[in-house]
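I opened this notebook to record what I looked up in one protein structure. The entries follow the order in which I worked.

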Amino acid sequence: MSEEENPAAEPAPVQDVQGDGRWMSQHNRFVQECKDAEPEVLFVGDSMIQLMQQREVWRELFSPLHALNFGIGGDTTCSVLWRLQNGELENIRPRVVVLWVGTNNHEHTAEQVAGGILAIVRLLHTHLPKAKIIVLGLLPRGEFPNPLRDKNLAVNNFLRASLPRVGPVQFLDVSGGFVHSDGTISCRDMFDFLHLTASAYSKIATPLHELLLQLLEETPQERRASLV
């Protein structure tokens, strides 16, 4: 499927259905941060990324890596694509980008969601050719087995097969251990059976942090002067 035929790969801002302009305000804040910050690591995605910043693991593991968090709750591949095309990659040269998005793409098939994620990866390669990219696999969701859980698993399988053809990108599946032997997910891991508790963030943060350290070690630091 080409990106032109894939609705999940079409950049689009989020409609302001609430009427308070919050989504665009968050985007504009991120664009402003790009003018002042010099991040080594950029985190981009939906609420799974956004809420990470509220947890202790962010202060302990990711802030020391000079990380920026560009997560917005409810975002899809389409809105992340739009944000990145409209200023959120300007003036910054992160050495590693962490991408986590796709679980909110309810209108799209698993193959389309994977294609939308691939479109974001290609955009990142174009704008940040020297950066390494980590794509986090989608997590299971819902207390009991359900179609959305099956779909997220299928997205991950598509990504495993497709990402190696895109370029220097790492797929990190952090979904292990959330579904118990009886098929249930515990509220101790996901308080609303979608978003992670503090202890669950600690579980996924450890392998992510280890991979980030490895990639940062492999990736030379660009001098700021080269951007001027």
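The entries below cover confidence, the sheet, the helices across it, and selected side chains.

**Entry 1: Confidence.** I noted at the outset that the model is predicted. The protein chain has an average pLDDT of 94, and 95% of the residues reach at least 70. I marked residues 224-228 for caution, since pLDDT stays under 50 there. For that stretch the model has 6 contacts beyond four places in sequence.

**Entry 2: The sheet.** I asked in which order the strands of the open sheet are arranged. The 5 strands follow the order 2-1-3-4-5, with parallel pairing. Strand 2 and strand 5 (169-172) are at the edges; each has a single partner strand, so one side of each lacks a neighbour in the sheet. From one strand to the next, the twist averages 15°. I then examined one pair: strand 3 (residues 96-100) and strand 4 (residues 132-136) are joined in the parallel sense over 4 bridges. Within this pair, Val 96 is opposite Lys 132 in strand 4.

**Entry 3: Helices across the sheet.** Helix 4 lies across strand 1 (41-45), strand 2 and strand 3, and I recorded its angle to strand 1 as about 140°. Helix 5 (residues 110-127) lies across strand 3, strand 4 and strand 5, at about 165° to strand 4.

**Entry 4: Asp 75.** I located Asp 75 in the loop between strand 2 (67-71) and helix 4 (77-85). Is this residue, Asp 75, buried or exposed? Asp 75 has a relative accessible area of 0%, and because the cut-off for buried is under 20%, Asp 75 counts as buried. Beyond four places in sequence, Asp 75 touches several residues, including Trp 23, Asp 46 and Asn 104. Its side chain makes polar contacts with the side chains of Ser 79 (3.2 Å) and Arg 83 (2.8 Å).

**Entry 5: Salt bridges.** How many salt bridges does a search of the whole structure find? The search finds 9. Arg 83 forms one with Glu 88, with the closest N and O atoms 2.8 Å apart, and both residues are buried. Asp 75, Arg 83 and Glu 88 are linked in a network of salt bridges.

I also examined a salt bridge within helix 1 (residues 22-36). The side chains of Arg 29 and Glu 33 meet there at 3.2 Å, N to O. These two residues are 4 residues apart in the helix, so about one helical turn separates them. Arg 29 is partly exposed at 45% relative accessible area, and Glu 33 is partly exposed at 24%.

How values were computed. Residues are numbered from 1 along each chain as its sequence is written. This is a predicted model: local features need pLDDT of at least 70, side-chain atom pairs count only at pLDDT 80 or more; totals for chains, interfaces and linings use all residues. Side-chain values use heavy atoms; hydrogens and water are left out. pLDDT is the predictor's confidence in each residue, from 0 to 100. Contact means heavy atoms within 4.5 Å. Buried means under 20% relative accessible area, exposed over 50%, partly exposed in between (1.4 Å probe, protein chains only). A polar contact is a pair of N or O atoms within 3.5 Å; within protein, one must be able to donate a hydrogen and the other to accept it, and residues adjacent in sequence count only if both atoms are side-chain atoms. Two strands pair if DSSP finds at least two bridges between them. Axes are lines fitted to C-alpha atoms, for helices over the stretch in contact, and angles run from 0 to 180 degrees between N-to-C directions. A salt bridge is a side-chain nitrogen of Lys or Arg within 4 Å of a carboxyl oxygen of Asp or Glu.
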